[in-house]
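Trainee: I am new to this structure and would love a close look at one part of it. Could you walk me through it slowly?

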Amino acid sequence: MEIPYTIQARPDTGVYNAKLGIWLFLASEVMLFGGLFSSYVLLRVGAEPGMWPHGWLDVRLGTANTIILALSAITTLLAWAACKVGQFGKFKFFHACTLLCALAFLGIKSYEYHDKWIHYEIKLNDGTFADGHLVEKSEDFDLAKKTGTVTLHGRIVNDETLLYDLRSQKDIKLDEVTVKAADIKQMENYGPWHNTYLAIYFTMTGLHALHILGGSIVIGFLWGPGRKMWKTNPTQFTNRIEVSGLFWHFVDLVWIFLFPVLYLT
Amino acid sequence: MSDAHETKSAAVPAHDDHPVDLNNYIRRCVYIFISILCAVALMIWISYLPAHYSWAMKSALILLVAACNAFVVAGFLMHLISEKKMIYTVLGFTVIFVLGLFWLTWYAMNDFPTGTTMH
């Protein structure tokens, strides 16, 4: 059975079916991310004054990822344009660039996640807070038994609010801080459970990263085994590249808003 | 085996709604990429403005620049400035539903259960 309107535009819609399909899918994606952005606004506006983090994320890494994703959006478009003019060699080159950009994006995101994973806030019995990146735990470290020590590269502060706004503080001095397990009241890393900011950060960027991963798999398929279609039906193949490209541009669009919302405001 | 063969005539789709000149396209993409870089630089600069600019003002400006950036990506990279009416219809409904979603959130901010006390 032949699937209709994979190449020709359907008379009543004016576009081929896959294109209408991807736009309907993207509409549902707008609702999905719209709900999350809406939740972010609710949490952000509802936060107590001074209790919403600023400067927790590395703007340099966020900027690098923004540039990488923008570059990948450009190469995706050029890959489609190369198909349109029948230059398959250039298509392969531009699509390979897109894949490399996607991998670079995921690599940087993984580094950022790891950085948060090894970052600890420790509430001490004397009411102060030790905060920093984990250097080492002693072999006998056991929080439940109150044995051993933990060493962080960070600082100790008297007021927890000092840990929230890192942007307005100049010359934060970090040093190695060793804390005894017996002195620890509560110890928690900067995972999604730490506070609402990190919860929404991991949710939104995690979902976005899953989209990057899914898009990479599709682009990888079209660049690899799926490119056999170019020999038999180049027009349909070009349409597939256009549809996957539309998804990729949407992923870029989401990041265009995620970056300023999470890293800059 | 050579799957990198050039098939100039066969690759042109039957409904050529976005005609392409590759060199022209590359030049246009360079301009778009530069404009995206400028928008990112502007957003970062705004975020580091001194403290006497309020957070709300800085956020509004940053989001305005982000919206312009999104317009460039959607308009030129996704060809939304020259799409078919059906696509605009789908997007029109999407905008209505998203605005409704944001309105619900805004509405819920002040929708406390009866008897709630504020501290």
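Trainee: Which elements each supply at least two residues of the lining of the largest pocket?

Mentor: Happy to help, and please keep in mind that this is a predicted model. In chain A, the elements that each give at least two residues to the pocket lining are α2, α3 (88-117), β2 (129-137), β3 (149-157) and α6, and α2 of chain B does so as well. The lining thus draws on both chains. The space in this largest pocket comes to about 1,400 Å³. Its lining has 50 residues, and if you want to find the centre on your screen, look for H54(A), G55(A), W56(A), L166(A) and R167(A), which lie nearest to it. By class, 24 of the lining residues are nonpolar, 13 are polar and 13 are charged.

Some of these elements turn up again in an enclosed space. Searching the whole structure gives 2 cavities of 30 Å³ or more, and the largest cavity holds about 90 Å³ of space. Two helices of chain A, α2 (59-84) and α6 (234-264), each give two or more residues to the lining of this cavity. The largest share, 5 residues, is that of α6(A). Among the lining residues from chain A are T76(A), W80(A), I241(A), E242(A) and H249(A), while chain B adds L77(B), M78(B) and H79(B). Sorted by class, this lining has 6 nonpolar residues, 4 polar and 1 charged.

Since both chains line the pocket and the cavity, let us turn to where the chains meet. Here 58 residues of chain B are in contact with 68 residues of chain A. Together the two chains bury about 5,400 Å², with 76% of that area on carbon and sulfur atoms. The interface has 1 salt bridge by the rule used: the side chain of K19(A) meets that of E83(B), with 2.8 Å from N to O. There are also 4 residue pairs in polar contact across the interface, with both residues at pLDDT 80 or more. On the chain B side, the elements giving two or more residues are α1 (22-47), α2 (55-77) and α3 (85-109). Of these, α1(B) provides the largest share, 12 residues. The side of chain B that touches chain A has 40 nonpolar, 11 polar and 7 charged residues.

To tie this together, follow α2 of chain B: this helix helps to line the largest pocket and also gives residues to the side that touches chain A.

Note on methods: Residues numbered from 1 in each chain as written. Chains lettered and ligands numbered in written order. Predicted model: local features only at pLDDT ≥ 70, side-chain atom pairs only at ≥ 80, totals over all residues. Heavy atoms only, no water. Contact = heavy atoms within 4.5 Å. Buried area = accessible area lost by both parts, 1.4 Å probe. Salt bridge = Lys/Arg side-chain N within 4 Å of Asp/Glu carboxyl O. Polar contact = N/O pair within 3.5 Å; in protein donor to acceptor, adjacent residues only side chain to side chain. Helix = DSSP H or I, 4+ residues; strand = E, 2+ residues; numbered from the N terminus. Nonpolar A, V, L, I, M, F, W, Y, C, P; charged D, E, K, R; others polar. 1 Å grid on protein atoms, 1.4 Å probe; cavity = no way out; pocket = protein on both sides within 12 Å on 5 of 7 lines; lining within 4 Å. Points joined across faces, edges and corners; volume = space filled by probe spheres on them.
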